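Reader: I've got a model open on my screen and I'd like to learn how to read it. Could you walk me through it?

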There are 2 protein chains.
Amino acid sequence: MELLKKNVTNNVSLSDDEWQKFRQPFELKTFKKKEFLLREGEICRFEGFVNKGCFRVYHIGSKGFEHVLYFAIEGWWIGDIDSFTNQIPAQLSIQALEDSEVLCISKKDKEDLYDVLPKVERLFRIMSQKRVVALQRRVISKMSKSAEELYLDYIATYPQIVQRLTSRQVAAYLGISHEFLSKIRKKISKK
Amino acid sequence: MELLKKNVTNNVSLSDDEWQKFRQPFELKTFKKKEFLLREGEICRFEGFVNKGCFRVYHIGSKGFEHVLYFAIEGWWIGDIDSFTNQIPAQLSIQALEDSEVLCISKKDKEDLYDVLPKVERLFRIMSQKRVVALQRRVISKMSKSAEELYLDYIATYPQIVQRLTSRQVAAYLGISHEFLSKIRKKISKK
């Protein structure tokens, strides 16, 4: 639970008693490589904190292509917040890329935490703001940058994630073909 | 202030006293058509609630194209949350498309509200979650849908906004040329 504690206390300070109340409803689940936490169309019944491992969070478009929303490693929160919040079928699938561990909390337990610990409101208010910022940056970059710029940004921002991914996975995040990513890499290495 | 009150009480219930405390720091500002609330590169020092009018929130890419993140009408919140939260130069410009009114709150006043009214944590936690959901839907759609599908989605989701926009503005939101949008519209009308 140390990683979760660090993640939480980076955002709000909790007494020992508050931390015990906070951690109580989280359940540790393990996932083998290639196993799914969530499949598109299911209702997302948990929010998860990655304790170990790596996941890809992606959407399959109408033409069958896989579009990666993000990759999550240790210290990231995962889930389909749209499905979790509104209890509607998920648009996202979440698959383990390595043997992984996730600390999961249910919607009911999370709602209860808000009532028991007012600081949890602040915690998830701050975390949601950070997610808005991250998504806003993603939308702006995606709208206005070339694939080469997106690639350079991604390897600069998340070097610790990129080294755990195949180039096909990185290409699926950038929304380009594997072949096009190879061309970009060759072009960069010549510079 | 009625529209703001409705927006707030849709998310949390406030007593009369709490509402008075909440509304107190908001300042009504008026903007003439084409006037800017924020320009890219400035620090965003407010979060705003649109009381009247219409705004476009956009980013200018390295090639000089304008990419519209969203249009906001009455009842929407506007600002560059990345710049506002982190006090870094804005990536977004916000311009009035009509004579408009905005209720603005500063970062300092908003932080103070969290301390005075714990329910404000809940309010902005819920609102931030909704923004995450909206942005997640935007990213997924943008990654996986054709321009025609995006256009049909937009007019179905925001009919009250579309009718106030020129077709050039809608095209800038969809990330396509005005000519291409005309082709899509012709194709749809033939169906």
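Author: Sure. Let's settle one term to begin with: helices here are DSSP runs of H or I, at least four residues, numbered from the N terminus. Bear in mind that this is a predicted model. Now find helix 8 of chain A: right after this helix comes Gly175(A), with a positive phi near 75°.

Reader: Okay, found it. Which residues of helix 8 of chain A are buried?

Author: A general point helps here: an α-helix has 3.6 residues a turn, so residues three or four places apart point the same way. In this case helix 8 spans residues 167-174 of chain A, and the buried ones are Gln169(A), Val170(A), Ala171(A), Ala172(A) and Tyr173(A).

Reader: And what covers the buried residues of helix 8 of chain A?

Author: The cover includes two strands of chain A, strand 4 (54-60) and strand 5 (66-73), along with helix 6 (147-157), helix 7 (159-162) and helix 9 (178-190). You can see helix 8 of chain A lying across strand 4 and strand 5, at about 115° to strand 5 of chain A.

Reader: Those strands look like part of a sheet. What is the order of its strands?

Author: To read a sheet, go from strand to neighbouring strand in space. In chain A the order is 2-7-4-5, an open sheet of 4 strands with antiparallel pairing. Strand 2 (36-38) and strand 5 of chain A have a single partner strand each, so they are the edges and one side of each has no neighbour in the sheet. From one strand to the next, the twist averages 25°.

Reader: How many bridges pair strand 4 of chain A with strand 5 of chain A?

Author: There are 7, in the antiparallel sense. One pair to click on is Val57(A) and its bridge partner Tyr70(A) in strand 5 of chain A. Chain B joins in here too: its helix 5 packs on the sheet and touches strand 4 and strand 5 of chain A, at about 135° to the direction of strand 5.

Reader: What about pairing within chain B?

Author: Strand 4 (residues 54-60) of chain B pairs antiparallel with strand 7 of chain B over 4 bridges, and Phe55(B) has Ala96(B) as its bridge partner in strand 7. Strand 2 (residues 36-38) of chain B is joined to strand 7 (residues 93-96) by 2 bridges, also antiparallel. There, Leu38(B) stands opposite Ile94(B).

Reader: Which residues touch the most other members of the largest nonpolar core?

Author: In soluble globular proteins, nonpolar side chains tend to be buried together. Here the largest nonpolar core has 70 residues, and Phe55(A), Val57(A), Phe55(B) and Val57(B) touch the most other members. Leaving out residues up to four places away in sequence, Val57(B) touches Leu69(B), Tyr70(B), Ala72(B), Ile78(B), Leu92(B) and Ile94(B).

Reader: Last one: how are the two copies related?

Author: Try laying one on the other. Chain B goes onto chain A with an RMSD of 0.0 Å after a turn of 180° and a shift of 0.0 Å along the axis. The copies are thus related as by a two-fold rotation axis. In chain B, Arg125(B) comes closest to that axis, at 2.0 Å (C-alpha).

Reader: And which elements of chain B touch chain A?

Author: The contact takes 29 residues from each of chain A and chain B. On the chain B side, strand 5 (66-73), helix 3 (81-86) and helix 5 (118-144) give two or more residues, and helix 5 gives the most, with 19. That side divides into 10 nonpolar, 11 polar and 8 charged residues. Of the interface residues of chain B, 100% are also interface residues in chain A, so the copies meet through the same surface.

Conventions: Residues are numbered from 1 along each chain as its sequence is written. Chains are lettered from A and ligands numbered from 1 in the order in which they are written. This is a predicted model: local features need pLDDT of at least 70, side-chain atom pairs count only at pLDDT 80 or more; totals for chains, interfaces and linings use all residues. Two residues are in contact if their C-beta atoms, placed from the backbone, lie within 7 Å. Ala, Val, Leu, Ile, Met, Phe, Trp, Tyr, Cys and Pro count as nonpolar, Asp, Glu, Lys and Arg as charged, and the others, Gly among them, as polar. A residue is buried if 20 or more other C-beta atoms lie within 10 Å of its own, exposed if 12 or fewer, and partly exposed in between; C-beta atoms are placed from the backbone. Two strands pair if DSSP finds at least two bridges between them. Axes are lines fitted to C-alpha atoms, for helices over the stretch in contact, and angles run from 0 to 180 degrees between N-to-C directions. Copies are superposed by least squares on the C-alpha atoms of residues with pLDDT of at least 70 in both. A nonpolar core is a set of buried Ala, Val, Leu, Ile, Met, Phe, Trp, Tyr and Cys residues joined through C-beta atoms within 7 Å.
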